[in-house]
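User: Could you walk me through this structure with a few questions and answers? I am new to this, so please explain the terms as we go.

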Amino acid sequence: MKMRKMLAVALAMLAVAACDNRKGMQVRTYELHRLTTEEAMSLLTPYISEGGMVSGTSRLLTVRETPAQLDSIARILKRFDGARQALTLHFQVIEAGDFEGTDPTIARVAAPLREMLRYRGYRLVRAVTLNGVEGLPFQQNEQNLRITGKVDQVIPGPEGSITLEVEVAAQGATVSAAVSGAPGQTLVLGSAQRQNGTGALIVAVRPELGSMVAGQAPGAPAVVPAPAPAAPAQP
């Protein structure tokens, strides 16, 4: 009896292999990183042709398709299920108020800020660099400074983008926003009035792909403001 069962299984496997050969199909297994098996199967089902098959268990997904379609599926999974991207987040906490001058360390950021907010002076309060990972929260607590947030999404490539949720509390003010921009751009989260009524707190962040590199020189920023910043006090 046992021998008959083994023979039946072997014949079934040969039949499937013969069917695959006739249709030019192959079987390939993919390891999932972020998607669940159910999510991955739902994503790929529209790409499975007649005679193809997709199944999964645990973190493995098995697909039977033509070689060209298997390559397409690999690209789809890389796009939606690639390994989590590591980021370096360069934060600048900036004070704006009725004082003269602009801190030279933020000159390139302050120029477009003047067009939006029109304070007389801008100076750097604190610069902080953090590591972030796609899909995970990050936080930094220091004296008189708290940064919390999450890296919502990272899309690599020439047309890539990074989406963040961030809240920064410092000097009696809190700035929070969700922003999105290309890697290497400086994103202005917004501004908030300080509790003592003198000026405002502005927060900018420049996300870069890859883990933190000590002594890395910042690139030229392209400032992308968050929508509807708080209205500043008139100088």
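**Loops and cores**

Analyst: At 57% relative accessibility, Ser58 counts as exposed (exposed is over 50% relative accessible area, buried under 20%, partly exposed in between, with a 1.4 Å probe and protein chains only). This is a predicted model, where local features need pLDDT of at least 70, side-chain atom pairs count only at pLDDT 80 or more, and totals for chains, interfaces and linings use all residues. Residues are numbered from 1 along each chain as its sequence is written, and side-chain values use heavy atoms, leaving out hydrogens and water.

User: Where is Ser58 placed?

Analyst: Strands are DSSP runs of E, at least two residues, numbered from the N terminus. Ser58 has a positive phi, near 55°, though it is a residue other than glycine. Its place is the loop between strand 2 (53-57) and strand 3 (60-65).

User: Is Asn144 buried or exposed?

Analyst: Asn144 lies in the loop between strand 6 (137-142) and strand 7 (145-155), and its phi is positive, near 65°. With a relative accessible area of 60%, Asn144 is exposed.

User: Which strand gives the largest share of the largest nonpolar core?

Analyst: A nonpolar core is a set of buried Ala, Val, Leu, Ile, Met, Phe, Trp, Tyr and Cys residues joined through side-chain atoms within 4.5 Å. The largest one here has 26 residues, and Phe91, Phe138, Ile147, Leu164, Val166, Val168 and Leu189 touch the most other members. Elements giving two or more residues to this core include strand 4 (86-97) and strand 8 (161-170). The largest share, five residues, comes from strand 8.

Notes:
Helix = DSSP H or I, 4+ residues; strand = E, 2+ residues; numbered from the N terminus.
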